[in-house]
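Colleague: Please take me closely through one part of this model, the aromatic residues that gather into a cluster, and set that part in the context of the whole chain.

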Amino acid sequence: MPPTMRAVLFFMVAARLVLAASYTTYIGDGNPSTMTALVTDLAGNTYVTGSRTSVYLSGYGNLPGPDGFVTKLDAAGKILFTRTFGAQGAVEPKGVAVDPSGNIYVAGRTTSPDLLVSRPLPGTAPPSTNFGTGFVIKLSPDATTVLYASYFWDVVAAIATDSQGNLYLTGGTSSAAFPATAGFTSGAANSFTQAAYVTKLSPSGGKVYSGVFTTIAAPCPTNTCGVLDTSTAGGAIAVNAAGEAYVGGNGTGTLLPSAPGTIRRGPGGFIVKIKADGSGFGFANFIGTGYQFLGRGSNDANTVSSIALDASGNVLVAGSTFDDAFPATPGAYQTARNDGSGAEGFAAKFLGDGTKLMWATYLGRAGFDAGQSISADGKGNAWAVGAQTGTDALVQLDAAGALVGSVARYPGMTVGRVVLAESTSGTVHIAGSTGIVSAIASSDAALPRVFGIVDAAYGEVGGRFYEAQLISIYGTNFGPPKEVSAATGGLPTSLGGVEVIAGDTRLPLLYVSNTQINALAVVGASTIPVDSIRVVYNSESGQPFRVVSIGKQPQVFRSADGKAAALNQDGTINSPANPAILGSLVTVFANSGSGNGQIATVARNQCICAIRIVGDQVLGEYLAPATVTYGGPAPGQLDAITQINFRLPASGSPSAFVLGVGLAALDSDPFTLWIKN
């Protein structure tokens, strides 16, 4: 078995975009978390929001409803506090904002009947546990005091503040009773029509204005269309110095509200400008060309996920597209679609009055499946992040939409969720979906740098430290350009000029390269909690990377498609084209947390192992446990890896079994095995 069976694509950082982080840190704990939004203040502090489960239950049973959280970091990346919003149901923040006084706003979706609600605000719905209830919370600068907290009519997708401390919210609603102020509303929400909404609240939470708008359905060319319903929702919002709100969203109709500056028809992604007093629309534009991708729904062609304003008041948007005729402009980074079948990312820039598309580009050449976030720096450049399976990417585009330098690639889920460029310092803040946050300055030296760790068998890149298990560490410039693997025998603590220090302990190393290190997380004869790791390369020490020790968590090694890297009875690799036969023996390998850095030389049937068949993936039937015939070291492999041979049940529906491993009363996440009669 190779040093790791995780198939990971990583990055080459070009000379002009060698951006070394002022810090990279993990803000989570031992539980799975999802980060959704990030904002900074003038002092360089960073505020991150998202949700996390309160108890980690791996593999079986239902996870409890996630709690919401907001975390504040200082300019050096030190966590100042984390405030959680626990409740009976789910609490899922979607947006975070900070006003000039340092007050913190968090908003999103909840199904909880007991969220921290101090009083209902004007224009809010009564408490409800129904899916889709929104919420908004205002906290003091130190997050110790709830200034107000209220349910809202529907899910709040994004929020922003202005220089006066007003709060702006956007999302989508199907409520015909959604409160609206005169002059704003265009169209109406009902059970067939979802409308985008925009609401402005004063610093005390009073309603300044609130209204909805819809896209208009295209005329039906035949009698087969059925009900002409439309779906319109805001997904991103930004506010300029004059208090004018810019909303990015998506709609299935072909027309937006009539307004000056409208230049493009839909359906798809759009941007809408709301006048400062809420009396109407400054402009309303679709992003694409009205292209409709048959078979995918009329709104799939162009989807907006992010909106931002530059120093001149121009509007930046990012998202994904299926549109072969997306209006990419000459001289921009990528003017033709790269992938004729899948989605590609895009970025575009409009004049602040909406009358001109300044530039637009595909981002597919960079490997973007979607442009997740976009921001502007103080020099007129745009920064965009996006994601592809296995990798995240960061690009810098100039004032004409051309690429500056080259694409910087990072491990998946580490930077692709959000980007925010500071207009004065030149620092770029980037974050991934699993709780890794970085502040990057182009003037930094390219020091060894960790961007996340993960169980080498299976899991998401983050900061959870699995004691006594083989872990993979991902980063930049922290090892030799040519990979080096340990020789047979015991693992060394120095390999290819690399050392990994967890707390005060040097970890045994199996494999090192410039972007990936495989190490055994052995921290002593007894469990020693570890709060950080750092990589030393050629005596040059990188910055500490915060981790959270969570003990042992066995996992089965997976192949590139996420299925178990299993061997059938004849020694061939299990796959959809080569399934195991019911009643036959199958072998899997588990990251068991039982090693001390040695290479196993003999087989010892010593593992207290169990293979639980959760059910048939297609039919959902539940079958008897498989019979384990061997559980122990895999001779010639690291002793932390347990080989498990087991016999499948003799009968069942040919399909893909979902299974789980139990080792010493600890359960792995489920994995899939392909079978046949």
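Modeller: The answer below begins with the whole model, turns to the aromatic cluster, and then visits a cavity and several loop residues.

This is a predicted model, in which local features need pLDDT of at least 70 and side-chain atom pairs count only at pLDDT 80 or more, while totals for chains, interfaces and linings use all residues. Residues are numbered from 1 along each chain as its sequence is written, and side-chain values use heavy atoms, with hydrogens and water left out.

The protein has 49 strands and zero helices; both are DSSP runs numbered from the N terminus, with helices (H or I) of at least four residues and strands (E) of at least two. Of its 677 residues, 57% are buried, where buried means under 20% relative accessible area, exposed over 50%, and partly exposed in between, with a 1.4 Å probe and protein chains only. The accessible surface comes to about 25000 Å², and carbon and sulfur atoms hold 53% of this area; the areas come from the Shrake-Rupley method with a 1.4 Å probe. A contact requires heavy atoms within 4.5 Å. Among contacts between residues at least 6 apart in sequence, 61% join residues at least 24 apart.

Now to the aromatic residues. A pair of rings is described by the distance of the centres and the angle of the planes. Rings of Phe, Tyr and Trp (its six-membered ring) pair if their centres lie within 6.5 Å; planes under 30 degrees apart count as stacked, over 60 as edge-to-face and the rest as tilted. The structure holds 13 aromatic pairs. In one of these, the ring centres of Phe-184 and Tyr-209 are 5.7 Å apart and the planes meet at 70°, so the pair is edge-to-face. Phe-184 sits in the loop between β11 (167-173) and β12 (195-201), whereas Tyr-209 belongs to strand β13 (residues 207-213), so this pair ties together parts that are 25 residues apart in sequence. Both partners are buried: Phe-184 has a relative accessible area of 0%, and Tyr-209 has 1%.

A further pair is formed by Phe-213 and Phe-270, whose ring centres are 5.7 Å apart with planes at 70°, so it too is edge-to-face. This pair links distant parts of the chain, with Phe-213 in strand β13 and Phe-270 in strand β16 (residues 268-274), 57 residues apart. Phe-213 is buried at 0% relative accessible area, and Phe-270 counts as buried at 0% as well. The four residues join Phe-281 and Phe-286 in one aromatic cluster, made up of Phe-184, Tyr-209, Phe-213, Phe-270, Phe-281 and Phe-286.

Empty space inside the protein is a separate matter. A cavity is a set of points, on a 1 Å grid over the protein atoms alone, where a 1.4 Å probe fits but cannot get out, and its lining residues have an atom within 4 Å of a point. Grid points are joined across faces, edges and corners, and a volume is the space filled by probe spheres set on the points. The whole structure contains three cavities of 30 Å³ or more. The second largest has a volume of about 40 Å³. Its lining includes Tyr-26, Thr-434, Asp-455, Glu-460 and Arg-464, and strand β29 (residues 449-455) gives the most to that lining, with three residues. By class, the lining has five nonpolar, three polar and three charged residues, where Ala, Val, Leu, Ile, Met, Phe, Trp, Tyr, Cys and Pro count as nonpolar, Asp, Glu, Lys and Arg as charged, and the others, Gly among them, as polar.

Several loop residues complete the picture. Most residues other than glycine have a negative phi. Met-413 has a positive phi near 75°; this residue lies in the loop between β25 (408-411) and β26 and is partly exposed at 31% relative accessibility. Ala-468 likewise has a positive phi, near 65°; its loop runs between β30 (464-465) and β31 (470-476), and at 14% relative accessibility Ala-468 is buried. Thr-424, in the loop between β26 (418-421) and β27 (428-431), is exposed at 74%. Its C-alpha is 6.0 Å from that of Gly-378, although the two are 46 residues apart in sequence.

Definitions and conventions
1 Å grid on protein atoms, 1.4 Å probe; cavity = no way out; pocket = protein on both sides within 12 Å on 5 of 7 lines; lining within 4 Å.
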